[in-house]
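Student: I am new to this structure and would like to go through it with you. May I put some short questions as I look?

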Amino acid sequence: MDPRESVTIAARSIRSHKLRSTLTVIGVVIGIASVVTFATFGASVEAEVVGSIGESGANNVYVLGQPSDEDGFGQAVQPVFTESDVSNIGEIDGVEAVIPRGTVQANSVTYGNDTVAVQQLTATVPAAVTSDVLVEGRSFAVGANETVLNQAAARTTFEENVTVGDQVTVDRSDETWNLTVVGIVNGTAGELPVGGFGPQPSFYVPADPFYDTVVESPSANARQRAYPQLTVVAEPAETLAVTDAVESYLQTESDARQLAPSGVELVARTSGDFAEQISDVISQITRFVTGIAVIALVVGAIGIANIMLVSVTERTREIGIMKAVGARNRDVMELFLLEATLLGAGGALLGLPLGLAASWAGAQYADVGFALAPFWSALAVLVGVLVGVVAGLYPAWRAARIDPIEALRYE
């Protein structure tokens, strides 16, 4: 049978049962659209998160101690990096600055007549507040009763906005601090790139004099401040070399090596390491959710198989006439298989733009950039066509096996 004639007959059969064919195609459309939506939305979220991490400081090396079973982007478990470690790492070739970070426990912060509960402040060094992050004001000074607030703390925490020059009162269980606000920032250097999702109110104070977590330094034989996390700012061209040198120091000479408890791993990670790990996690979630969406494709395949079996039964006499005038089993099988393939292909071609539109809407709602997932989109279309082929195999084989004499007698 001529291929064009087969396509014409298959298309005519589909058009003769518009409602039934439409309902069958809808099942495939939903399956394809679901796969494309979840895959594309996952790609959009991955691009957004990985992009933001990559922009957080390509030449930053994050040094922390964490449980050895973590994937490399958990919070530091306890203060183990002494001031001696800070000083020694700062002397490594290619290091521009070392920024320690610690937490200071607090109960509340008061501004004017408004008091809000705050569990902790962030203690760091003036170098953490750079011109790139300053919105107004300046960094705090070492030894001064000063604080720097991020925009979330200054603009949304209290009933009235906090401005440079205002005073806030930090209440602790055993004392009260009156601090002058000297700067407003949109972040600080040295923050872990996966420290949080969304702006959280943060109050920054100088480690000297407010940070009081100390340990006995094995190398200095003296009590020193100890921090849970350090950020090493490397010269851009020396980031990888600095990372290797810092890891070598951690494993051989550092106080942290002796102070870290059993089961804690000392690591040095770059933004690229964090981005790669986050990308892997998002990819796994996307594959899992997309796999669930494939169930809709299976339902669509069952729908195609069902309608094709019904079609074979309805057209038994037609099949007998075709065989009586010379049609071969192969021609009959080709005809029904082509019809099923057209249903699957039609669902795929309609489901692709629908899925892209749904994922675009989801990206807009989630306020992330829209990114395509070409592999998944192409795979979804291919699977849609294969669904039609596979679902039509048995009905087509059954149609080809019909005895022409019995078919002509069929009423």
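**Charged pairs, patches and unusual backbone**

Student: What relative accessibility does Arg-155 have?

Tutor: Arg-155 has a relative accessibility of 29% and counts as partly exposed. Please keep in mind that this is a predicted model.

Student: Which residue forms a salt bridge with Arg-155?

Tutor: Glu-136 does, and the closest N and O atoms of the two are 3.0 Å apart. This pair links distant parts of the chain, since Glu-136 is in strand β7 (residues 134-137) and Arg-155 is in helix α4 (residues 151-155), 19 residues apart.

Student: And how does Glu-136 count in terms of accessibility?

Tutor: Glu-136 counts as partly exposed, at 29% relative accessibility.

Student: How many salt bridges does a search of the whole structure find?

Tutor: The search finds six salt bridges. One of them joins the side chains of Glu-175 and Arg-172, with 3.1 Å from N to O.

Student: Arg-172: buried or exposed?

Tutor: Arg-172 is buried, because its relative accessible area is 13% and the cut-off for buried is under 20%. Its partner Glu-175 is partly exposed, with a relative accessible area of 34%.

Student: What about Arg-269, which side chain does it meet in a salt bridge?

Tutor: Arg-269 meets Glu-247, at 3.7 Å from N to O. Here too the pair links distant parts of the chain: Arg-269 is in strand β15 (residues 264-270), Glu-247 is in helix α6 (residues 239-252), and their positions lie 22 residues apart in the numbering. Arg-269 counts as buried at 17% relative accessibility, whereas Glu-247 is partly exposed, with a relative accessible area of 28%.

Student: Why can such side chains pair at all?

Tutor: Side chains of opposite charge can pair when their charged atoms come close.

Student: Which residues are linked in a network of salt bridges?

Tutor: Glu-83, Asp-208 and Arg-225 are linked in such a network. Asp-208 also has a place in another feature, for a cis peptide bond joins Asp-208 and Pro-209, with omega about 25°. Pro-209 is found in helix α5 (residues 207-210).

Student: What is notable about a cis bond in general?

Tutor: Most peptide bonds are trans. Most residues other than glycine also have a negative phi.

Student: Then which residues have a positive phi although they are not glycine?

Tutor: Asn-221 has a positive phi of about 55°, and Asp-367 has a positive phi of about 60°. Asn-221 is found in the loop between β12 (214-217) and β13 (222-227), and this residue is exposed, with a relative accessible area of 63%.

Student: And where does Asp-367 lie?

Tutor: Asp-367 lies in the loop between α10 and α11, and it follows α10. At 66% relative accessibility, Asp-367 counts as exposed.

Student: How many residues does α10 have, and what distance does it reach?

Tutor: Helix α10 (residues 329-366) has 38 residues and reaches 54 Å from its first C-alpha to its last. That is close to the 56 Å expected at 1.5 Å a residue.

Student: Let me turn to the surface. Which residues form the nonpolar patch?

Tutor: Phe-375, Leu-379, Leu-382, Leu-386, Val-390 and Leu-393 form it, and together they have about 560 Å² of accessible area. Val-390 lies in helix α11 (residues 374-400) and counts as exposed at 57% relative accessibility.

Student: Why might residues spaced along a helix point the same way?

Tutor: An α-helix has 3.6 residues a turn, so residues three or four places apart point the same way.

Student: Which residues form the negative surface patch?

Tutor: Asp-93, Glu-96, Glu-235 and Glu-238 form that patch. Glu-96 is found in strand β3 (residues 95-105) and is exposed, with a relative accessible area of 52%.

Student: One last residue, then: Val-170. Buried or exposed?

Tutor: Val-170 counts as buried, at 2% relative accessibility, and is found in strand β9 (residues 167-171). Its C-alpha atom is separated by 19 Å from that of Val-185, 15 residues apart along the chain.

How values were computed
Residues numbered from 1 in each chain as written. Predicted model: local features only at pLDDT ≥ 70, side-chain atom pairs only at ≥ 80, totals over all residues. Heavy atoms only, no water. Patch = residues over 30% accessible without salt bridge, like charges linked within 9 Å, V, L, I, M, F, W, Y side chains within 5 Å. Areas by Shrake-Rupley, 256 points an atom, 1.4 Å probe, with all protein chains shown as cover. Salt bridge = Lys/Arg side-chain N within 4 Å of Asp/Glu carboxyl O. Lys, Arg positive; Asp, Glu negative; His and termini not counted. Charge placed at Lys NZ, Arg CZ, Asp CG, Glu CD. Helix = DSSP H or I, 4+ residues; strand = E, 2+ residues; numbered from the N terminus. Buried < 20%, exposed > 50% of the residue type's maximum accessible area, 1.4 Å probe, protein only. Expected span 1.5 Å × (residues − 1).
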